Amino acid sequence: MTASRDPEATKARIFEAAVAEFARYGIAGARIDRIASAAKANKQLIYAYFGNKSELFSQVLGRSMVDLAAAVPVDPDDIEGWLDRLMDYHAVHPGLLRLLYWEGIEYGTADLPDEERRQAHYAAKVEAVRDGQRRGVISDAIPARDLLFLLIALANWATVVPQMSRILAGGDPTDRDRLRASIKEAARRIVAP
């Protein structure tokens, strides 16, 4: 008996395999053959469903960012809670930050293939911060887009460079807890009205 084909299940397997492949090897180092093998899918299906390797990367990163935005919306009324949720999310899903890091290596300051979509993604987050500034719940001393960038950098850097975090802040659970508390304290001071 032949197994029935399920295009959505195949796309999901390809997507998960692509996240792992791109997170580990970046855009240049990723191989469609490995993605196909890990997904137990035909290589031609990857091209049919997602396009070339760059298009696949763009779709993988884009969807991963949408997943993050849905799971951890910016909350200007609870910056510390938002940072906790953001750090927790990246602890469970470190692949997204790796994808962003690889994208930075590949493109640098050049325009991204999906630049307009990415700008729209971040514009909503910046608007949430700006709304908090207008309402006086967070400081407007730093422009909203810069403030968002600083807060994201504070929350994410330890996950992006875990070796630096371990060397500078320590690798024990109590050290990680202390660093998290320090990140939240720094954020609290930055956003204090």
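## The nonpolar core

A good place to start is the largest nonpolar core, which has 44 residues; Phe-22, Ile-35, Leu-56, Ile-79 and Trp-82 are the members that touch the most others. Helix H1 is the biggest contributor to this core, giving eight residues. Please keep in mind as you look around that this is a predicted model.

Take Ile-79 as an example of how distant parts of the chain meet. Leaving aside residues up to four places away in sequence, Ile-79 touches Ile-138, Leu-151, Ala-187 and Val-191.

## Helix H1 and its bend

Helix H1 covers residues 7-29, and its 23 residues would reach 33 Å in a straight helix at 1.5 Å a residue, yet its end C-alpha atoms are only 27 Å apart. At Ala-23, H1 bends by about 80°.

Ala-23 is also one of the buried residues of H1, a list that includes Ile-14, Phe-15, Val-19, Phe-22 and Ile-27. The cover over the buried residues of H1 includes helices H2 (32-39), H3 (43-50), H4 (53-71) and H6 (95-107).

## The annotated domain

UniProt, in an unreviewed entry, lists residues 8-68 as "domain: HTH tetR-type". In the model, this span is 89% helix and 0% strand, and its end C-alpha atoms lie 21 Å apart.

## Helix H6

How far apart are the end C-alpha atoms of H6? They are 18 Å apart, which agrees with the 18 Å that its 13 residues should span at 1.5 Å a residue.

The buried residues of H6 are Gly-95, Leu-96, Leu-97, Leu-99 and Glu-103. H1 and H4 help to cover them, and the cover also includes H5 (79-92), H7 (115-134) and H8 (144-160). After H6 comes Gly-108, with a positive phi near 55°.

## Salt bridges

Side chains of opposite charge can pair when their charged atoms come close. Across the whole structure, a search finds 19 salt bridges. One of them joins Asp-78 and Arg-85, with the closest N and O atoms 3.7 Å apart. Asp-78 counts as partly exposed because its relative accessibility is 32%, and Arg-85 is partly exposed at 33%.

Arg-180 is worth finding in the structure. Its side chain meets that of Asp-84 in a salt bridge (2.8 Å, N to O). Because Arg-180 lies in helix H10 (residues 173-191) and Asp-84 in helix H5, this pair ties together parts 96 residues apart in sequence. Arg-180 also forms a salt bridge with Asp-88, where the closest N and O atoms are 2.7 Å apart. Asp-88 lies in H5 too, so this pair links parts 92 residues apart in sequence. Elsewhere, salt bridges with shared partners join Glu-80, Glu-185, Arg-188 and Arg-189 into one network.

Definitions and conventions: Residues numbered from 1 in each chain as written. Predicted model: local features only at pLDDT ≥ 70, side-chain atom pairs only at ≥ 80, totals over all residues. Heavy atoms only, no water. Helix = DSSP H or I, 4+ residues; strand = E, 2+ residues; numbered from the N terminus. Expected span 1.5 Å × (residues − 1). Bend = angle between axes of the 7 residues up to and from the residue. Buried < 20%, exposed > 50% of the residue type's maximum accessible area, 1.4 Å probe, protein only. Contact = heavy atoms within 4.5 Å. UniProt positions renumbered as here; feature names shortened; annotations may be inferred. Core = buried A, V, L, I, M, F, W, Y, C linked by side-chain atoms within 4.5 Å. Salt bridge = Lys/Arg side-chain N within 4 Å of Asp/Glu carboxyl O.
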